[in-house]
Amino acid sequence: ISYIILINKTLITAIKQLRKKVINENFLVTISALGAFALGDSHEGLMVLFLYDLGKVLESMAVNKSRNSVAELMDIKEETSNLKEKNKIIVVPTTEIKVGDIIVVKEGERVPLDGTIVKGSSMLDTSALTGESLPISVKVGDNILSGSINKGGLLEVKVTSIYKDSTVNKILELVETATERKTKTEKVVSKYSSKYTLEVIIIAILTAVLLPLFTSLTYSESIYKGLTILVISCPCAIAISIPLSYFSGIGASSREGILVKGSNYLDSIKNIKEIAFDKTGTITTGEFYISKINIHNKEYTEDKIMEIFAKGESLSNHPIAKSVLKKYNKEVSHNDIKDFKEVSGKGIEFTYKKDKVKIGNPKYCAIKEESSNIYLTINNSLVADIEIKDEIKSTAKATIKKLKDMNITVHMFTGDTKEKAEEISKELNIEDVNYSMLPSDKYNYLEKIITNKKEGTIVAFVGDGINDAPVLKLADLGISMGHLGTDSAIEASDIVIMNDNLDKIITAINISKKTGKIINQNLIFAIGIKLLVLILTLLGVSTMLEAVFADVGVTVLCILNTLRLLKNNK
């Protein structure tokens, strides 16, 4: 009765798989157990089934632990939202919210949709998106992302994207589809596992039939050895642990705010030998600031110069305008401004009271010198110029040093001037600097690097995911930095780092290396144990019990080893 109870599940599973023309470990174990019973070793056959089922339970628990860890991490979707209509708050499905609707996010709630704060201020926990534990401060006018948790007061948010286009949905889609992009190792295992199982059956049959012809073994003994070989040779340790390793690696990356689009990309990260960085918004913050004001006409004070700059720049959408207004930090009046005109990429001009004012690059302001400074002329006379700097990210220097310590060659691409590019490269110790580059120049230079690379190595490009889309796609591995949740970042790159922390590149490399190391450990351990027990079986030392350990026991140990990927990887 015990025998029938234990074999029932394994036998039914084997029959179902056979109907699908699939031969797997359930079939091998069933044949071995029935064979042991037929040979009179019913107790041993019973033990094989018991240990196999016990192993499967432990295996299932370990696999579920890995999947649940990732599932809990990705539990960032809010099914309902608090919709504000007139003076009422109605709870509705998040999928029904439209762009422009006002939603209310209470303290402790997760932000359901991307939007802009129109009322209130708070601290947001963005760890599920960026991997950063420190909360960020937000106020009216700030854009916030779905998936963040409101840690402070009540927020009213104007929705800027429906659920389908929201950050949280894009993240979930990426994680769900990531395992569809397989590595070469996974494809080989998947392709040959069924063929391998069939070959094992043939070898077991030949062992049972031929051994008595060339040795003193009886057919009963040779059949027993053949049945033991069936159990030893089950491929589950390899077939389960390798895909699970990549899945866990992708999950571990997600916990760090690194979205990897597939296990093939996760596998590639550790092979990076050359990496090119875009400068603005990647190595630097992309937020300009005024580092120095040079006064050429002593009739004007610094305050007056900044006032004139602010009057003009306040009417412009250029990024430098923000730095001017931040420096001025006063209310700007336009009552005495007229005839405003902006020339894209050059500068602005306007009439201030009765004076003709020009603000822009040297050529636009008729200044005979090469400089990246912004000049101010009044009635065609030079009054002042300001030096603008783009602040280097706090993690840039340490990250580039770590990359170079890994023997990775670092390049920097920028459309900026030689002077500014070399200033930054000197501070960061980057030897290969390419400046005054158009998008086509970046593309052509990266193509040259890829053409000259060594076989089996990876060339990566790190950009902001907007202007650098063609180069991100050209690279062996495209990595987008920052620009949380933008369509271009997710679409153009293979890896999306959900904040501006360059050090996440090092974290991704470490996770990739750890994943590869664990896969190699599992392969060596599984194959080594199976070969050892196989040899001992042929020598008459091992029994079916050792064979079960070589299959199920090894599988469980490989899975437990794989779960180490979900621990801290920094």
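Trainee: What is the relative accessible area of Phe461?

Mentor: This is a predicted model, in which local features need pLDDT of at least 70 and side-chain atom pairs count only at pLDDT 80 or more, while totals for chains, interfaces and linings use all residues. Residues are numbered from 1 along each chain as its sequence is written, and side-chain values use heavy atoms, leaving out hydrogens and water. Buried means under 20% relative accessible area, exposed over 50% and partly exposed in between, with a 1.4 Å probe and protein chains only. Phe461 counts as buried, its relative accessible area being 0%.

Trainee: How are the rings of Phe413 and Tyr445 arranged as an aromatic pair?

Mentor: Rings of Phe, Tyr and Trp (its six-membered ring) pair if their centres lie within 6.5 Å, and planes under 30 degrees apart count as stacked, over 60 as edge-to-face and the rest as tilted. The search of the whole structure finds two such pairs. For Phe413 and Tyr445 the centres are 5.5 Å apart, and with 85 degrees between the planes the pair is edge-to-face.

Trainee: Why is the pair of Phe413 and Phe461 classed as it is?

Mentor: Phe413 is buried, at 0% relative accessible area, whereas Tyr445 is partly exposed, at 25%. The ring centres of Phe413 and Phe461 are 5.9 Å apart and their planes stand at 35 degrees, so this pair is tilted.

Trainee: What arc do the buried residues of helix H13 cover around its axis?

Mentor: Helices (H or I, at least four residues) and strands (E, at least two) are DSSP runs, numbered from the N terminus. In H13, residues 396-405, the buried residues are Ala396, Thr399, Ile400 and Leu403. Judged by the directions from the helix axis to the C-beta atoms, they lie on the same side of H13 because their arc is only 95 degrees.

Trainee: Which exposed residues does the face of H13 turned away from its buried side carry?

Mentor: Contact, meaning heavy atoms within 4.5 Å, shows that the buried residues are covered by elements including strand S11 (272-278) and helix H14 (418-428). The face turned away from them carries the exposed residues Lys397, Lys401 and Asp405.

Trainee: Which helix gives the largest share of the largest nonpolar core?

Mentor: A nonpolar core is a set of buried Ala, Val, Leu, Ile, Met, Phe, Trp, Tyr and Cys residues joined through side-chain atoms within 4.5 Å. The largest core has 54 residues, of which Ile275, Phe277, Leu403 and Ile505 touch the most other members. Its largest share, nine residues, comes from helix H18.
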